Amino acid sequence: MTPAPASTYSAITLQVNGDKHTLSVDHRTTLLDALRERLDLTGTKKGCDQGQCGACTVLLDGRRAVSCLQLAVAAEGREVTTIEGMAEGEQLHPVQQAFLDLDGYQCGYCTPGQICSAVAVIEEHAAGWPSAVTDDVRPEAGPPPLTAEEIRERMSGNLCRCGAYVQIVEAVARAAAVRTEASA
């Protein structure tokens, strides 16, 4: 007698934007599809579906992740933050406000991923993490200046078809300055 096939579904609990959601998902379901199709959080966009464009970027435990390559079952027990979870009530996150003030978007399709990535970039920089263009990577050197070159390198995983890169760099720099002022 042939054994019964193992189930390809699991019940998982996702912690998304501070709320717990229990779902039954196929093991092959990406976090992106679970967010958009099962939780109706459509701010996270499906771009290339290959992890190359960054439109689906979310934060997993505060770090950037392209949700199209992350399986939903692997996100269980981790804090997922989407664009919908960035604002504090009616108060926009400083990165969102900077994007709005400086026109860091055009069509808006890539904007949610850009903003999630920028939030992580600012935290990575503040923690002293070097990038590929950082001149002095010694820990005692501290965080490098957050120049336009640093921002461009750190945001390079997020593409914008409209070409709003100049405004995006300016928005990230402004939001980083707001964070620095708030920390002082």
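Biologist: Before we look at Glu-181, what does exposed mean here?

Modeller: A residue counts as exposed when its relative accessible area is over 50%, and as buried when that value is under 20%. Keep in mind that this is a predicted model.

Biologist: So is Glu-181 buried or exposed?

Modeller: Glu-181 has a relative accessible area of 62%, so it is exposed. You'll find Glu-181 in helix α5, which covers residues 165–183.

Biologist: And how far apart are Glu-181 and Thr-44?

Modeller: Along the sequence they are 137 residues apart, and in space their C-alpha atoms are 29 Å apart.

Biologist: Let's try Asn-158. Where does Asn-158 lie?

Modeller: Look at the loop between α4 (148–154) and α5. With the cut-off for buried at under 20%, Asn-158 counts as buried because its relative accessibility is 6%.

Biologist: Which residues does Asn-158 touch?

Modeller: Leaving out residues up to four places away in sequence, Asn-158 touches Cys-53, Gly-54, Thr-57, Gly-113, Gln-114, Ser-117 and Tyr-165. As for Gly-54, its backbone oxygen sits 3.1 Å from a polar atom of the Asn-158 side chain.

Biologist: Now the nonpolar cores. Which residues touch the most other members of the largest one?

Modeller: That core has 25 residues, and Val-95, Phe-99, Met-155, Ile-168 and Val-172 touch the most other members. Helices α2 (94–101), α3 (111–126) and α5 each supply at least two of its residues, and α3 gives the most, with seven.

Biologist: What does Val-95 touch?

Modeller: Setting aside residues up to four places away in sequence, Val-95 touches Ile-115, Ala-118, Val-119, Ile-122 and Ala-175. There's also a second, separate core of 16 residues, including Ile-12, Val-25, Val-58 and Leu-60.

Conventions. Residues are numbered from 1 along each chain as its sequence is written. This is a predicted model: local features need pLDDT of at least 70, side-chain atom pairs count only at pLDDT 80 or more; totals for chains, interfaces and linings use all residues. Side-chain values use heavy atoms; hydrogens and water are left out. Helices (H or I, at least four residues) and strands (E, at least two) are DSSP runs, numbered from the N terminus. Buried means under 20% relative accessible area, exposed over 50%, partly exposed in between (1.4 Å probe, protein chains only). A nonpolar core is a set of buried Ala, Val, Leu, Ile, Met, Phe, Trp, Tyr and Cys residues joined through side-chain atoms within 4.5 Å. Contact means heavy atoms within 4.5 Å. A polar contact is a pair of N or O atoms within 3.5 Å; within protein, one must be able to donate a hydrogen and the other to accept it, and residues adjacent in sequence count only if both atoms are side-chain atoms.
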